[in-house]
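Student: I have a structure open and I'd like to learn how to read it. Can we go through it together?
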Amino acid sequence: MKSQTIHVNQETGEKMVEQSVFVTESTTAQDGRRYERGNIYTVEQHRAEALIKEGKASSVSFPALEAISVTIDNRLNQFKKQYDEIKHHERYADNEAERRFQLRQLEAILEEDMNALKQKYTEELTKLQRELARESLSVPFEASETVNAYADNLIAEAQYTDDKEGLADLLAIKVSAMDDNERLTLLRRFGRIAAALTEGAAGNSKTRIKEKLGKIHAELKSAHKQNEYDLKLRQLAAIKQNDPLTNYRLYKMAVKRNDASRFNF
């Protein structure tokens with residue numbers, strides 16, 4: 001996949017830049033187009049910038065994968081020129097059987113090259129996933145005993161209070177004053193805290209508490225470098241769902257329809 005694609009109008013020479021983004025929060029754009037969380041979309045650059053600014057998406061950049069994608073497109077362009085030259089060359093005017101043979105040979109070589117590039121792409125993607133996963137497990141961390149004590153007291157108090165919403169509000173205020181290490185300490189205890197604050201709550205009160213806890217959890221995670229690794233791993237998982245040879249498949253279909261000359265990479 002490529003982080004950025006430039007399309008050139010062959011008639012006017014006008015350029016259109018598209019950018020790949022990973023959607024982190026489902027949203028509907030003003031033009032009615034729906035963007036679902038966890039998917040990668042290639043959109044016009046101004047739309048990509050808007051989604052990122054709104055906090056609904058993040059940019060996607062994996063240079064090693066992009067280099068292979070560029071190689072695939074370059075190889076396709078090379079094939080396209082060779083194919084068109086043989087298909088229309090006068091030397092085969094009296095020998096169509098030879099023309100067909102040469103075209104089949106060209107297609108066979110391309111198929112072999114594409115499969116090799118896809119294998120290389122898959123191996124690189126797997127390597128990136130493994131490296132990021134390993135790095136994410138070695139993020140340095142030092143627990144704050146002060147925050148651990150606060151978490152224990154909060155869990156205990158939640159068992160006896162009737163104002164769990166109020167406790168959630170106080171928790172949000174205290175989190176806003178914590179440094180990154182303190183937030184990471186609390187994040188490790190957050191499952192028990194959330195369970196204590198929601199236990200026994202019902203109806204609208206439980207809904208409000210969960211909403212407050214969701215915001216607090218997001219703030220805690222934002223302090224963690226692990227969050228950056230998780231985002232990259234989620235992006236790679238989304239990329240893995242896409243075929244790096246999509247342009248190749250489309251080109252083969254275009255050749256069969258005899259309109260390949262209008263297919264641009």
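Student: Which kinds of secondary structure does the chain have, and how many of each?
Tutor: Begin by counting the elements: here there are 9 helices and 6 strands. Keep in mind that this is a predicted model.

Student: How do I judge whether the chain is spread out or compact?
Tutor: Set its radius of gyration beside what a rule for globules gives. For this chain of 265 residues the radius is 27 Å, well over the rule's 18 Å, so the chain is more spread out than a compact globule. You can look at the box as well: along the principal axes, the C-alpha atoms fill roughly 95 × 40 × 30 Å.

Student: What share of the residues is buried?
Tutor: Buried residues account for 38% of the 265. Another thing to check is how far along the sequence the contacts reach. Taking contacts between residues at least 6 apart in sequence, 65% join residues at least 24 apart.

Student: Let's try single residues. Is Asn148 buried or exposed?
Tutor: Look at relative accessibility, where under 20% means buried. Asn148 has 16%, so it counts as buried. This residue belongs to helix α4, residues 145-158.

Student: Which residues touch Asn148, beyond its neighbours within four places in sequence?
Tutor: Those are Ala143, Thr185 and Arg189.

Student: And Asn204, is that one buried or exposed?
Tutor: The cut-off for exposed is over 50%. Asn204 has a relative accessible area of 59%, so Asn204 is exposed. You'll find Asn204 in helix α7. Try a distance too: Asn204 and Phe141 are 63 residues apart in sequence, and their C-alpha atoms are 37 Å apart in space.

Student: Now for helix pairs. At what angle do α5 and α7 cross?
Tutor: Picture a line through each helix, pointing from N to C, and compare the directions. Helix α5 (residues 164-176) and helix α7 (residues 203-222) cross at roughly 15 degrees, and their axes come within 10 Å. Angles under 35 degrees count as roughly parallel, so α5 is roughly parallel to α7. Their crossing is left-handed.

Student: What kinds of residues make up the contact of α5 with α7?
Tutor: List the residues on each side, then sort them. Among those in α5 are Ala168, Leu171 and Val175, and the α7 side includes Ile209, Leu213 and Ile216. The residues of this contact divide into 8 nonpolar, 2 polar and 6 charged.

Student: How do α5 and α6 pack, roughly parallel or roughly antiparallel?
Tutor: Use the angle again. α5 and helix α6 (residues 180-198) pack at about 175 degrees, with axes 13 Å apart. Over 145 degrees counts as roughly antiparallel, so that is how α5 and α6 run. Leu167 and Leu171 are among the α5 residues in this contact, while α6 brings residues including Leu186, Phe190 and Ile193. Sorted by type, the contact has 9 nonpolar, 1 polar and 2 charged residues.

Student: I'll practise on α3 and α8. What is their crossing angle?
Tutor: Helix α3 (residues 96-136) and helix α8 (residues 225-240) cross at roughly 160 degrees, their axes coming within 10 Å. That makes α3 roughly antiparallel to α8. The crossing of α3 past α8 is left-handed.

Student: Which residues meet there?
Tutor: From α3 they include Tyr121, Leu125 and Leu128, and from α8 they include Tyr229, Leu233 and Leu236. The residues of the α3 and α8 contact come to 10 nonpolar, 3 polar and 3 charged.

Conventions. Residues numbered from 1 in each chain as written. Predicted model: local features only at pLDDT ≥ 70, side-chain atom pairs only at ≥ 80, totals over all residues. Heavy atoms only, no water. Axes fitted to C-alpha atoms, helices over the stretch in contact; angles between N-to-C directions. Helix = DSSP H or I, 4+ residues; strand = E, 2+ residues; numbered from the N terminus. Parallel < 35°, antiparallel > 145°, perpendicular 65-115°, else oblique. Left-handed = near helix turned anticlockwise from the far one by under 90°. Contact = heavy atoms within 4.5 Å. Nonpolar A, V, L, I, M, F, W, Y, C, P; charged D, E, K, R; others polar. Rg over C-alpha atoms; globule rule 2.2 N^0.38 Å. Buried < 20%, exposed > 50% of the residue type's maximum accessible area, 1.4 Å probe, protein only.
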